[in-house]
Amino acid sequence: MKELLRLLGIIRTYHWWMILAATLGFATIGSGIGLLMSSAYIIAKAALQLPFHELQLGIAGVRLFGLARGVLRYIERLVSHSTTFKILSGLRVWFYESLEPLAPARLLQYKSGDLLQRITKDIDSLENLYSRVIAPPLTAIMISALLWFLLGSFSPMFSITLLCFHAFAAVGIPLFTGHINRGTATKMAGIQAELQSMTIDFVQGLGDLMLFNRLDDHTEKLYRLKTDELKLQRKQALIQRLHEPLIGLLMNSAVLALLWTLTPQVSNGTIDGIYTAVIIIAVMASFEAFLPLPDATHHLETSATAGKRLFEIIDTKPAVPSPHHPERFPDVHSIKFENISFTYPQTFTPTLSSLSLQIEEGEKVAIIGPSGAGKSTITSLLLRFWEPSQGDICIGDRSIRNLDPETIRKNIGIVSQKTYLFSTSIRENLLLAKPDADDKELKNSLTFAGLSSFTTKLDQWVGQHGMKLSGGERQRMAIARMLLQDAPIIVLDEATANLDTVTEKSVIQSILGLCNKQPAKTLLVITHRLRDMAQFDKIVVLEKGCIVEQGAHHELLKKNGLYASMWSLQHRQTPPELLTDS
Ligand SMILES: Nc1ncnc2c1ncn2[C@@H]1O[C@H](COP(=O)(O)OP(=O)(O)OP(=O)(O)O)[C@@H](O)[C@H]1O
């Protein structure tokens, strides 16, 4: 219930649209009742063979209500669909806006399939919140009130009798079907999320499943989940099928009860017999408004479950708070890590411990160290993906805590270990970095990244996740993107790991050359492969989250510490033509 109230709070901006659509729904059903009442009136009068002018009122009613019903139904559909889509788009915008500050840190705990299920299906199911949960009770209340007045004009007894049946249709049947349906919406959402995750794993990991001969196990699990989903769907369908006969039963009972109270009054002449059919027909027609109510309880539970799943994400506190009044991005692009410590959530050992590092503007710094030393974590903190548990990071004279995370990311060009390419053309993937870039700029960046062969196929599809490109080509695409971004700070996190040694050398040389051009760019390179190290102003050696050595290449070699041993280990078998800087 709490979730529903929160959802109603979110969509309250559309309350006038909702009221209009419900009023139109009422007017449409009301016209239907008027049409049937007028028809019953004409038939009853005609049966008595009264003169034609006695039928005039009924004929006018049939014309008016017949026409009004069609026109109103059309307008009602138009308004209620438009209201539904307005609400749906409002909910989508709200969800995406709330999701953005949580990415990427807080979203790591969700399986991608589950997240997809929440973003698509859960929001889609809220489509029914207005049309199936809010609108039907509103319309039913208005129709019940109309009948109260109509029948009350004959006898208050009729109104009270019908009200009892309407109340039972509005509360009793939905409570009954809601009770036997309880929990299915929650179970269904869980199963569908699991199914979505497993299907994504199945498609993306098909190669590995075949390689390890686990295809049958995975298919079996998918089959079991699909069977559970079908069972639940069957149960829901059976319950839904119950609604119509139950409402029909209630309608016929109401007719019988009304006849029972009406007959004595017609017999003693209190009510003209002509109105018997009019009243009975009105009573029968009024139940049309109650037909969707039992379904509303099912959609109420589905909406509440979807709301709960969405709020579960939305209520997560962002890993990185955004400043309310961000400062301007500084003009000086030096970087300072001051006594930084950081521990990932649900882990106990700190990934970085009291790390301090000064990088001057235009300086070229390499960060090296064993796997798991915390090198990439430094980048994540700089990009404001995570918040350090201790210490501060400054760009120029400003703490990054006071800068807008979006502006920080705009000013840091990054090429990481994992390059995500969208399933579109080479051009579209490049334009991500600079939407207004012209073909010349795109081609220059591709040539710079060693992809001159791509300059003639800008509109070629790169395949799903760029699968039509080799690992090296994907990484060079990321380098081309970084170049287009033209940021004053560049971070390369194992950017050349997938390149062959000759291409790697040429790409690194080009990037170093680019950084030396005026205005000089600040360059931070995270690497395992110790190549061209003499060209870096500073090399920082990280081990277990602490800086163990830092200095220029020749200084560190002289120290004969961790750097020197890594260097000699890597260069023992390196061809002499690559050892330019030793
Ligand atoms: N999201 C995360 N949640 C929990 N632990 C994490 C997360 N990301 C990284 N770690 C852990 O933090 C440590 C440092 O990871 P990081 O990626 O910074 O190391 P690295 O030096 O860049 O390693 P590599 O050279 O292998 O890329 C590792 O032990 C890793 O398992």
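Where in the fold does N429 sit? N429 has its place in helix 14, residues 426-431. Before the close-ups, some housekeeping: this is a predicted model, in which local features need pLDDT of at least 70 and side-chain atom pairs count only at pLDDT 80 or more, while totals for chains, interfaces and linings use all residues. Residues are numbered from 1 along each chain as its sequence is written, and side-chain values use heavy atoms, with hydrogens and water left out.

**View 1. N429 and its contacts in helix 14.** Helices here are DSSP runs of H or I with at least four residues, strands are E runs of at least two, and both are numbered from the N terminus. N429 counts as buried because its relative accessible area is 1%; the cut-offs are under 20% for buried, over 50% for exposed and partly exposed in between, with a 1.4 Å probe and protein chains only. Setting aside neighbours within four places in sequence, N429 is in contact (heavy atoms within 4.5 Å) with L421, F422, T424, V462, M477 and R481.

**View 2. The ligand and its shell of 14 residues.** Near means that a residue has a heavy atom within 4 Å of the molecule. S371, G372, K375, S376 and T377 are the residues that come nearest to the ligand. By residue type, the shell has four nonpolar members, nine polar and one charged. For that count, Ala, Val, Leu, Ile, Met, Phe, Trp, Tyr, Cys and Pro are nonpolar, Asp, Glu, Lys and Arg are charged, and the others, Gly among them, are polar.

**View 3. Polar contacts of the ligand with A373, G374 and K375.** A polar contact is a pair of N or O atoms within 3.5 Å; within protein, one must be able to donate a hydrogen and the other to accept it, and residues adjacent in sequence count only if both atoms are side-chain atoms. A373 brings a backbone N or O atom to 3.1 Å from a ligand oxygen, and G374 places a backbone N or O atom 3.0 Å from an oxygen atom of the ligand. For K375, an N or O atom of the side chain is 2.9 Å from a ligand oxygen. On its own the ligand would expose 640 Å², and the protein buries 64% of that; these areas are Shrake-Rupley values with a 1.4 Å probe, and for residues only the protein chains shown count as cover.

**View 4. Helix 12 and the residue R384 just after it.** Helix 12 runs over residues 375-382 and is mostly covered, with seven of its eight residues buried. Those seven are K375, T377, I378, T379, S380, L381 and L382. R384 lies in the loop between helix 12 and strand 4 (390-395). Its phi is near 65 degrees, a positive value in a residue other than glycine. With a relative accessible area of 3%, R384 is buried too.

**View 5. I412 in strand 6.** Strand 6 covers residues 412-415. I412 shows 1% relative accessibility, so it counts as buried. Leaving out neighbours within four places in sequence, the contacts of I412 are L382, L383, I395, Q485, A487, I489 and V491. For a sense of scale, A47 is 365 residues away in sequence and 87 Å away in space, C-alpha to C-alpha.

**View 6. Two exposed residues, N213 and R241.** N213 is in the loop between helix 8 (206-211) and helix 9. It has a phi near 60 degrees, another positive value in a residue other than glycine, and it counts as exposed because its relative accessibility is 70%. R241 sits within helix 9 (residues 215-267). At 62% relative accessibility, R241 is exposed as well. Its C-alpha atom is 9.9 Å from that of D295, with the two positions 54 residues apart along the chain.

**View 7. S31 and the annotated membrane spans.** An unreviewed UniProt entry gives "transmembrane region" for residues 16-43, 129-151, 157-178, 242-262 and 274-293; positions follow the numbering used here, feature names are shortened, and annotations may be inferred rather than shown by experiment. Residues 157-178 are 100% helix and 0% strand, with end C-alpha atoms 31 Å apart. For residues 274-293 the figures are 70% helix and 0% strand, and the ends lie 32 Å apart, C-alpha to C-alpha. S31 belongs to helix 2 (residues 15-47) and is buried at 5% relative accessibility. Not counting residues up to four places away in sequence, S31 touches F65, A68, R69 and L72.
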